[in-house]
Amino acid sequence: MAMSEDVAPTRPANPRGLPLQSGFAVEPADNRTGYRTFRAGSFGFRRDGYFAHITWPNGRHQLAVDVFLRALMRDVAWGFFYGTVNFDTVFGTTNYYGEVEMFAGATNESFIKAGTAFIERFKSDELMRIFKEMIGDWTNQGYDPFAAPMETGAPWGSKNGDNDSAVGRKRVTAKRMVGLPGDTPVRTDASGYPVNRMFADVTQDTPEVHAEPGFEHEVSAFNLFAYLSRSDVTWNPSVCSVVKESLFCPTSEEFILPVEHGNDRPEWFVQLSDEIIWTTKDRDTGAFRAQVVCKAGDVCVMPADVRHQGFSDKRSMLLVWENGSPKIPALIREGKAPNVPVTF
Amino acid sequence: MSEYTTVFGAIDAYAKGGVSVIADSPKNYLFSNMFEVAATSRPYERVVVAKNFEYVIEVARADGESPWYSCAHDEFAVCLDHEVEVHLVKLDDPDSVVDPESEGARELPDLPAGRKMGRIVLRRGHMALLPVGAAYRFAASRPATLMIQTIDGPVSVHKWASICQS
């Protein structure tokens, strides 16, 4: 489920007492690679043929550019999401809902022990603007960072066109339920959503709906599994049904969740098909905690004090269940949000 | 023939994963399996398998005809395996049946006055709206598994110790 980067129900928490950075820059395209370089506060971003390079005062880091772009794409699409988005074990962002921290090493035990973690704070909309320009400029024609690796081109090499339609996809958010009149439509071949190659065997039948006259708008059902079989993205939950602030956010998953997500609240997973293996680590240090194998029908929660990353070989259907209540950031600040929703 | 086989579960055919801890407790993950819950519960016992503050996901074994239920907010039901029928009635005076400020489904002793809205036949993967202001009932000719998106209420059953890995 994505958060809006504009959400700020109250003054954002600032546990580190960091000042807001306001320096942003987009430099002209490099003569050799063709890519622009970016600056946000004291962080610098440069890409070349294979890598994204990140610099900060007295530090530097590099990620394979496919890893960086897949993670950046989710951070952009999810509006910095809930809690911490670790691009890898060094670099990431933490959402304070209206403001965001960008860090190097802040969730890495070695950096923390050495006292070399570097963190700066930004207004969310300002950092988002830079991130959106970066994903647009650094994504080449034919490469889709939302797609599974076997379904897209390669990100490598010098600047070669763009793929704005892919990186600018709008997140699907049903207001009540997919398929209701005036709400998010079901996916079809005609609307540009063919069945994914790994879901070719998923039944595409529709529920039998027998509505009495006058009740056609409320007697409603749709085939959720067929809907998911036609998803054109991976690891990108979309809202399909809403009970007040309870959001069913199903998604199709293939390969690796591009980030290690350190949610600031418990996050529920309902495995609808196939299998995902989750690795969990300590949210703050990265120390390994558990492996969770989820098969079809399995339900589990990711506690609020872990970071998690999923691995799915066969494309699978996952229901991510979120509570989008605006009360939760305040509860988190006050320490009233539990790490685990139920104890027994 | 597809190169890939999509694996779904069913109340009478499922495999279960699990939690392997390195430095943790399995209890922290509240790990359960919806088909196992349905297979080991009474018909239409609405067992909570996920809870997020007041919100819950319930799993019910659909088997025969259920009681009538109503609710002061929308709910949604997903059929996870075998065929389940949903019958809907628009209540003439829903506020007299269910407190409009209440949360979660209520089991009704009888079907109150209302107009027939229609019925829906759900098969694997189908999701239906259980709309506010209506009464609804499920029917299944063989045991099936329903997942319900709702809010914790008087018919919600919590039996975490018997469904979760510990």
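Two strands count as paired here if DSSP finds at least two bridges between them. With that in hand, let's walk through this predicted model, starting with a hairpin in chain A.

The hairpin is formed by β13(A) and β14(A), with two residues between them. In its turn, A:Lys244 has a positive phi of about 55 degrees. The pairing of β13(A), residues 241-243, with β14(A) is antiparallel and runs over three bridges. If you would like a spot to click on, A:Val242 has A:Leu247 as its bridge partner in β14(A).

Now follow β14(A), which spans residues 246-256. Is this strand mostly covered or mostly open? Nine of its eleven residues are buried, so mostly covered is the right description, given that buried means under 20% relative accessible area. β14(A) also pairs with β20(A), residues 306-323, again in the antiparallel sense and over ten bridges. Here A:Phe248 finds its bridge partner in A:Trp321 of β20(A).

Next, turn to another part of chain A, where an open sheet of five antiparallel strands is laid out in the order β2-β3-β4-β5-β6. Because β2 (24-26) and β6 (59-64) of chain A stand at the edges with a single partner strand each, one side of each is left without a neighbour in the sheet. From one strand to the next, the twist averages 15 degrees. The partner of β6(A) is β5(A), residues 51-56, and the two share six bridges in the antiparallel sense; A:Ala52 is matched there with A:Leu63 of β6(A).

Two helices join this picture. Helix α1 of chain A, residues 65-77, packs on the sheet and touches β4 (43-47), β5 and β6 of chain A, with its direction at about 90 degrees to that of β6(A). Helix α3 of chain A, residues 124-138, lies across β2, β3 (38-40), β4 and β5 of chain A and runs at about 165 degrees to β3(A).

Finally, where is there empty space inside? The count comes to two cavities of 30 Å³ or more. The largest holds about 100 Å³, and among its 15 lining residues, the closest to its centre are A:Trp78, A:Phe81, A:Pro237, A:Leu257 and A:Glu267. Our earlier strands return here: β14, β16 (267-271) and β20 of chain A each give two or more residues to that lining, and β20(A) gives the most, with three. The lining divides into ten nonpolar, three polar and two charged residues.

The second largest cavity holds about 30 Å³. Its lining includes A:Phe225 and A:Gln271 as well as B:Phe8 and B:Met34, and it divides into six nonpolar, three polar and no charged residues.

Definitions and conventions:
Residues are numbered from 1 along each chain as its sequence is written. Chains are lettered from A and ligands numbered from 1 in the order in which they are written. This is a predicted model: local features need pLDDT of at least 70, side-chain atom pairs count only at pLDDT 80 or more; totals for chains, interfaces and linings use all residues. Side-chain values use heavy atoms; hydrogens and water are left out. Buried means under 20% relative accessible area, exposed over 50%, partly exposed in between (1.4 Å probe, protein chains only). Helices (H or I, at least four residues) and strands (E, at least two) are DSSP runs, numbered from the N terminus. Axes are lines fitted to C-alpha atoms, for helices over the stretch in contact, and angles run from 0 to 180 degrees between N-to-C directions. Contact means heavy atoms within 4.5 Å. On a 1 Å grid over the protein atoms alone, a cavity is a set of points where a 1.4 Å probe fits but cannot get out, and a pocket is an open set with protein on both sides within 12 Å along at least five of seven lines; lining residues have an atom within 4 Å of a point. Grid points are joined across faces, edges and corners, and a volume is the space filled by probe spheres set on the points. Ala, Val, Leu, Ile, Met, Phe, Trp, Tyr, Cys and Pro count as nonpolar, Asp, Glu, Lys and Arg as charged, and the others, Gly among them, as polar.
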